[in-house]
Amino acid sequence: MVRADPRFAASGEVCMGAGSPALGAGVPVPGGGDRDLYGHPVPDPPNSGAYQEHGV
């Protein structure tokens, strides 16, 4: 578990900015699918949260 500022790209956004500790800090979910909420491919390891694209 990561307990740090996720460094969102902008206030009110769910995408993480470059250097976010949430990037690559997730755990694969069996049967969770291969796309995130926005249609991006889920990387291995996944990011924490609903947004799986690289940091912006």
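His-54 is exposed in this predicted model. Its relative accessible area is 53%, so His-54 passes the cut-off of over 50% that defines exposed residues. His-54 still has partners beyond its sequence neighbours. Leaving out residues up to four places away in sequence, His-54 touches Met-16 and Leu-23. Val-2 lies 52 residues from His-54 in sequence. In space, the C-alpha atoms of His-54 and Val-2 are 17 Å apart.

Asn-47 presents another setting. Its relative accessibility is 7%. Asn-47 therefore counts as buried, the cut-off being under 20%. Its contacts beyond four places in sequence are Met-16, Ala-22, Leu-23, Gly-24, Ala-25, Gly-26, Gln-52 and Glu-53. Met-16 and Leu-23 are also touched by His-54. One contact of Asn-47 is polar: its side chain reaches the backbone nitrogen of Gly-24 at 2.8 Å.

Gln-52 is buried, with a relative accessible area of 7%. The side chain of Gln-52 reaches the backbone nitrogen of Asn-47 at 2.7 Å. Asn-47 thus receives a side chain at its backbone nitrogen, while its own side chain reaches the backbone nitrogen of Gly-24. Beyond its neighbours within four places in sequence, Gln-52 is in contact with Asp-36, Pro-41, Val-42, Pro-43, Pro-46 and Asn-47. Gln-52 and Gly-24 are 28 residues apart along the chain. Their C-alpha atoms are separated by 8.8 Å.

Gly-26 is a further contact of Asn-47. Gly-26 counts as buried, at 18% relative accessibility. Residues up to four places away aside, Gly-26 touches Pro-45, Pro-46, Asn-47 and Ser-48. Pro-46 is also in contact with Gln-52. Met-16 is 10 residues from Gly-26 along the chain. The C-alpha atoms of this pair are separated by 13 Å.

Two backbone features were noted. The peptide bond from Asp-44 to Pro-45 is cis, with omega near 5°. Pro-45 is among the residues touched by Gly-26. Arg-7 has a positive phi of about 55°, although Arg-7 is not a glycine. Arg-7 counts as partly exposed, at 46% relative accessibility.

The surface carries a nonpolar patch. Val-14, Leu-37 and Tyr-38 form this patch. Together they have about 310 Å² of accessible area. Val-14 is partly exposed, with a relative accessible area of 41%. Val-14 therefore meets the patch requirement of over 30% relative accessible area. The protein chain as a whole exposes about 3,800 Å². Carbon and sulfur atoms supply 56% of that area.

The overall fold was then examined. The protein chain has 0 helices and 0 strands. Its radius of gyration is 11 Å. A compact globule of 56 residues would have a value near 10 Å, so the two agree. The C-alpha atoms fill a box of roughly 30 × 25 × 15 Å along the principal axes. Buried residues make up 21% of the 56 residues, Asn-47 being one of them. Among contacts between residues at least 6 apart in sequence, 27% join residues at least 24 apart.

Notes: Residues are numbered from 1 along each chain as its sequence is written. This is a predicted model: local features need pLDDT of at least 70, side-chain atom pairs count only at pLDDT 80 or more; totals for chains, interfaces and linings use all residues. Side-chain values use heavy atoms; hydrogens and water are left out. Patches are made of residues with over 30% relative accessible area and no salt bridge: like charges are joined within 9 Å, nonpolar side chains (Val, Leu, Ile, Met, Phe, Trp, Tyr) within 5 Å. Accessible areas come from the Shrake-Rupley method with a 1.4 Å probe; for residues, only the protein chains shown count as cover. A salt bridge is a side-chain nitrogen of Lys or Arg within 4 Å of a carboxyl oxygen of Asp or Glu. Buried means under 20% relative accessible area, exposed over 50%, partly exposed in between (1.4 Å probe, protein chains only). Helices (H or I, at least four residues) and strands (E, at least two) are DSSP runs, numbered from the N terminus. The radius of gyration is taken over C-alpha atoms; the globule rule is 2.2 Å times the number of residues to the power 0.38. Contact means heavy atoms within 4.5 Å. A polar contact is a pair of N or O atoms within 3.5 Å; within protein, one must be able to donate a hydrogen and the other to accept it, and residues adjacent in sequence count only if both atoms are side-chain atoms.
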